[in-house]
Amino acid sequence: MKEIGHWINGALVAGTSGRFADVFNPATGEVQAHVALASKAELDAAVASAAAAQPKWGATNPQRRARVMMEFVRLLNRDMDKLAEALSSEHGKTIPDAKGDIQRGLEVIEYCIGAPQMLKGEFTDSAGPGIDMYSMRQPIGVAAGITPFNFPAMIPMWKMGPALACGNAFILKPSERDPSVPLMLAALLKEAGLPDGILQVINGDKESVDAILDNPDVGAIGFVGSTPIAEYIYGRGCSNGKRVQCFGGAKNHMIIMPDADMDQAADALVGAGYGAAGERCMAISVAVPVGDETADRLIAKLIPRIEKLKVGPYTAGNDVDYGPVVTAAAKANILKLVESGVAQGATLVVDGRGFNLQGYEDGFFVGPHLFDHVTPDMDIYRKEIFGPVLSTVRAKTYEEALGYAMDHEYGNGTAIFTRDGDTARDFAARVNVGMIGINVPIPVPLAYHTFGGWKKSAFGDLNQHGPDSFRFYTRTKTITSRWPSGIKEGAAFNFKQMD
Ligand code: NAD
């Protein structure tokens, strides 16, 4: 059986803890590899060598660091097919979707090529008599990223790109469910010129995460994953004095107004609800049509589209709309929630429970489900399902629909479909959610804007990528300077005011 280890000091190394997790091929259900789960001692040793290597990298001029990013982009494009194949085989998503995963990470690396511009400090000439004042952005030192299974290329790159471009060493603890791509990214960064020890990829589970949270040399932690783990990491990391930002789960609502283009809305919902088997934090999982007539028209358009969806392994090529979910446990959890929806009185309009793919009976495939007449007290509404299940909550008015998005504990993304500019503008202004789409179902901001939710979808300050990421991975230092030739005024006993 293939064994997947860690990337430490510029090389692949085997784990020494003796603990492993299974890595599945979700399409067949077979175990395809064992991934090492690092011990606290392994994690601490990797942090120690990262801390030793960091000062030289931090002192490397930002343009040289940016050139490493530039070369990394070239290598990502060169190896796109290889990376996508590895990603799909462990995650299960289709090859075009895997390429999208890599591409949206690559775009953040492209943004990081602008590090020299982003890291420029501020300068005030003659802030007082003979006094200049300036600020600089310095790296934190060693930063760490803990990332989820659902974007094994994009989210590691969202974290490591800005952290490295800012001059930090970086410890990546990727998901143990699809660990191969992060290791391939590390090898490409070495090829691009990143010095050894500056990026360490440590595979593991709670033990290695706890070791990151408690290691005094780790100054900043970026986490992406489910909300309970986000809350835990935020609490423990902050109480250990670290800078922490955690991005959690989601329940994204899409409001469909009576004046919406119903074909456009239905197409958008099918792509956003079922793409990647619903395993996206920006997936739409709740449709909120306004008015029964709108709801009936929408459901009538959704049913044939959903029934036509092609579910299959990534190896079946471009014909497949979505693949399996990541593990048997994920599949069991989704189907349990579907049963709860039926038991709690929702109408299962499209029933994917009997889905079976010939030749892939042991794969983790889940058929598409559509619920109508869902109410806010139901588990399928309250909980993140993270599967191909779309719930419809009927609202009588726009205000009621807005209220559903506002009152839900998650606030990652939301969308409105309408032709009315006033309504769209009102929605964008009032809704308490971080990322808003207007006739756009998955409003993931591009690399030069920032990504982040509100409410229980994010903990801590500053968003991912864009200018916020350069703030998160640096500390500001402000210098007030006067040279001996400046004005001499003797001892000052009052708090100084600049003339
Ligand atoms: P997860 O929370 O199970 O795991 C995320 C990371 O935390 C992994 O690296 C995992 O090894 C680690 N981890 C798991 N249990 C832990 C524990 N008890 N203690 C310490 N560390 C632990 O999430 P997942 O299933 O990999 O990913 C899916 C979740 O991520 C969904 O909730 C999804 O909405 C969310 N997500 C959010 C965003 C966002 O930007 N808001 C983006 C992608 C995914």
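**From a buried asparagine to the ligand site**

N150 is buried, with a relative accessible area of 5%, and this residue makes a convenient starting point for a walk through what is a predicted model. Along the chain, N150 sits in the loop that connects strand β8, residues 142-146, with helix α6, residues 154-165. The value of 5% falls under the 20% cut-off, and N150 is therefore classed as buried. Leaving aside residues up to four places away in sequence, N150 touches H91, K93, D101, I155, E279, R280, C281 and F386. One of these neighbours, E279, also takes part in a polar contact, since its backbone oxygen lies 3.2 Å from a polar atom of the N150 side chain.

Two of the residues that N150 touches, R280 and F386, lead on to the empty space inside the protein. R280 and F386 belong, together with G278, A283 and S285, to the residues that lie nearest the centre of the largest cavity. That cavity encloses about 100 Å³ of space, and a search of the whole structure finds 4 cavities of 30 Å³ or more. The lining of the largest cavity is made up of 15 residues, and when these are sorted by class, 7 are nonpolar, 5 are polar and 3 are charged.

The next stop is the ligand, which is surrounded by 28 residues, with T147, K173, E176, S226 and E384 as the closest. Two of these closest residues reach oxygen atoms of the ligand through their side chains: a polar side-chain atom of E176 lies 2.6 Å from a ligand oxygen, and an N or O atom in the side chain of S226 is likewise 2.6 Å from an oxygen atom of the ligand. With G248 the contact involves the backbone, for a polar backbone atom of this residue is 2.8 Å from a nitrogen atom of the ligand.

The last residue to consider is T392, which is found in strand β17, residues 389-392. Is T392 buried or exposed? T392 is buried, because its relative accessible area is 0%, a value under the 20% cut-off. Not counting residues up to four places away in sequence, T392 touches A287, P289, I299, L370, F371, D372, H373 and V374. For a sense of distance across the model, T392 may be set against D196, which is 196 residues away in sequence and, from C-alpha to C-alpha, 51 Å away in space.

Definitions and conventions. Residues are numbered from 1 along each chain as its sequence is written. This is a predicted model: local features need pLDDT of at least 70, side-chain atom pairs count only at pLDDT 80 or more; totals for chains, interfaces and linings use all residues. Side-chain values use heavy atoms; hydrogens and water are left out. Helices (H or I, at least four residues) and strands (E, at least two) are DSSP runs, numbered from the N terminus. Buried means under 20% relative accessible area, exposed over 50%, partly exposed in between (1.4 Å probe, protein chains only). A polar contact is a pair of N or O atoms within 3.5 Å; within protein, one must be able to donate a hydrogen and the other to accept it, and residues adjacent in sequence count only if both atoms are side-chain atoms. Contact means heavy atoms within 4.5 Å. On a 1 Å grid over the protein atoms alone, a cavity is a set of points where a 1.4 Å probe fits but cannot get out, and a pocket is an open set with protein on both sides within 12 Å along at least five of seven lines; lining residues have an atom within 4 Å of a point. Grid points are joined across faces, edges and corners, and a volume is the space filled by probe spheres set on the points. Ala, Val, Leu, Ile, Met, Phe, Trp, Tyr, Cys and Pro count as nonpolar, Asp, Glu, Lys and Arg as charged, and the others, Gly among them, as polar. A residue is near a molecule or strand if one of its heavy atoms lies within 4 Å of it.
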